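Reader: I would like to take a close look at one part of this structure. Please treat it slowly, as for a first-year student.

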There are 2 protein chains.
Amino acid sequence: MLVKSNIRKIEATSFVHPLKVPQMADAEQVLKLCEELSEIELVALIPNLKGFQRAKQTKISEINWVTAATETFNYKNIGMSIEDNFAQFKQLVQESRTLNITICFSIAVSFGCPYEGKVSPVKVISLVERAIEAGANRIGIADTIGIATPKQVKELLTEVLHIAKSIPIAIHLHDTRGMGLANAYAALEAGVKIFETSASGIGGCPFAPGAAGNLATEDLVYMFERMGVKTGIDFEKLLDAADFAASLTSNGSLGRIRQVEKKRGSFG
Amino acid sequence: MLVKSNIRKIEATSFVHPLKVPQMADAEQVLKLCEELSEIELVALIPNLKGFQRAKQTKISEINWVTAATETFNYKNIGMSIEDNFAQFKQLVQESRTLNITICFSIAVSFGCPYEGKVSPVKVISLVERAIEAGANRIGIADTIGIATPKQVKELLTEVLHIAKSIPIAIHLHDTRGMGLANAYAALEAGVKIFETSASGIGGCPFAPGAAGNLATEDLVYMFERMGVKTGIDFEKLLDAADFAASLTSNGSLGRIRQVEKKRGSFG
């Protein structure tokens, strides 16, 4: 349904430990089924080299490597220090040289951590610089717990874009505190062009207490299209996908526009 | 409870026709009870001269006069043309000269109308200019149906602030489509310093189909305080007021932060 709405890049699954995140134990099967979809770039989240060994057997076009900006979150999320995590990333870059895979380095809890609180932009900037030096093809700045403010987003992303030069920068937003769209607007103003969201806002993070879902794709598409920012996405078909995604979760989805814009396909 | 949270200016009621909006028929009694509260500026919404005749018998310090940016909305909301409405406003300014009352001229559906769709900024700007010329002490720009985008807000409010010079400009936001905080951020960036919101986001407009509540005061205060914008408001006490406000409505309230920030008084 997302592909029908013209979305062309989808993070379809994660190669995380099947006992730690049993929901993702079927990563290989999901990707195998996704291969039948044409015109789509498949992304998988990879937390460590073990995940990479599994991922490289599949037909993904992009790896989303995740390192946290704080030691505590990195331990809770990935079970190792930032340094050990980064050493594995460098090895992954070496091992993937002969493969045709884009390597994205994402930084979790870039704006605030459920365990350590405030996160200094200096830590994030340092990881961005090291990841680019190590050979990352793309950088992701993640507000894993939806704690960022538009001011933080504007300041940090302006600096990251300046450092990254031609390396594309993505922002990954959660809408836990209702600031998702405000943060997306601030990121857009800073010059960000890649936004990571989920249909109907489902999702979260099992290792981030209180984390609600991602910013809803349809909320972002609605706001951007109404602002004249062309997304190339069919809004009506995206709403169908969002309705379906929402029907799969018992948590209640976060997306807002789906409840309001009944005249589908219209941007008023 | 709002006064306890340090909010000092409250639009407490509306002098609308008691048969058209029976919820507001008790305007005089509400204001009479509010007089017992010290250190508070009371505002009342006034749609016409009849409302003004009632309002001037009370101890309000500010009148919020509402004219719509579109003819259709003005007819549905106030039952007369914009010109007739404006003629009444000019008369009100004359009649209030001897009274110690601030006159705010608010423009409903400034960004979009449920009946006429898109609203040209030219119409809003023209009303702003005429209202200032007529003697308005303050201008309010209202997104009555929560349809504005941050881009619209930034562009329109930048122009309005430029025209208004020393006349204070308020923005009145609804959160119908989840863009309330994004629009508040855009307005702040444009230079707006007055924000009209409601505790827990209750409210709406009986003549605007589909209109949901205002932007929740506590959502705005949370975002602003976390951005370093001092509001002077006690967040913990504001949450108490918001909880109480939410308990008064069966519609479900829109505010988001109240559901998330259980550690009250903390800005993380």
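Which residues line the largest cavity?

Author: This is a predicted model, where local features need pLDDT of at least 70 and side-chain atom pairs pLDDT 80 or more, while totals for chains, interfaces and linings use all residues. Residues are numbered from 1 along each chain, chains are lettered from A and ligands numbered from 1 as written, and side-chain values use heavy atoms, without hydrogens and water.

The structure holds one cavity of 30 Å³ or more (points on a 1 Å grid where a 1.4 Å probe fits but cannot get out). The largest cavity contains about 90 Å³ of space, taken as the volume filled by probe spheres set on the points. Its lining residues (an atom within 4 Å of a point) come from both chains. Chain A contributes A:Asp175, A:Gly178, A:Leu181, A:Asp219 and A:Arg256. From chain B come B:Asp175, B:Gly178, B:Leu181, B:Leu215, B:Asp219 and B:Arg256. By class, this lining has six charged residues, three nonpolar and two polar, with Gly counted as polar.

The two chains also touch one another over an interface. The contact (heavy atoms within 4.5 Å) takes 27 residues from chain A and 27 residues from chain B. Between them the chains bury about 2500 Å² (accessible area lost, 1.4 Å probe, summed over both), 59% of it on carbon and sulfur atoms. On the side of chain A, A:Arg177, A:Tyr185 and A:Arg256 supply 26% of the area buried against chain B, more than any other three residues. A:Arg256 thus appears in this trio and in the cavity lining.

The lining residue A:Leu181 falls in helix α7 (residues 180–190) of chain A. Helices here are DSSP runs of at least four residues, and strands of at least two. Helix α7 lies across β5 (138–143), β6 (169–173) and β7 of chain A, and runs at about 170° to β6(A), on a scale from 0 to 180 degrees between N-to-C directions.

Those strands belong to an open sheet of seven, in the order β1-β2-β3-β4-β5-β6-β7 (chain A), with parallel pairing (at least two DSSP bridges). β1 (9–14) and β7 (194–196) of chain A stand at the edges with a single partner strand each, so one side of each is left without a neighbour in the sheet. Neighbouring strands of this sheet are turned by 25° against each other on average, direction ignored.

Chain B has an open sheet of seven strands in the order β1-β2-β3-β4-β5-β6-β7, again with parallel pairing.

Technical notes
On a 1 Å grid over the protein atoms alone, a cavity is a set of points where a 1.4 Å probe fits but cannot get out, and a pocket is an open set with protein on both sides within 12 Å along at least five of seven lines; lining residues have an atom within 4 Å of a point. Buried area is the accessible area (1.4 Å probe) that two parts lose on being put together, summed over both.
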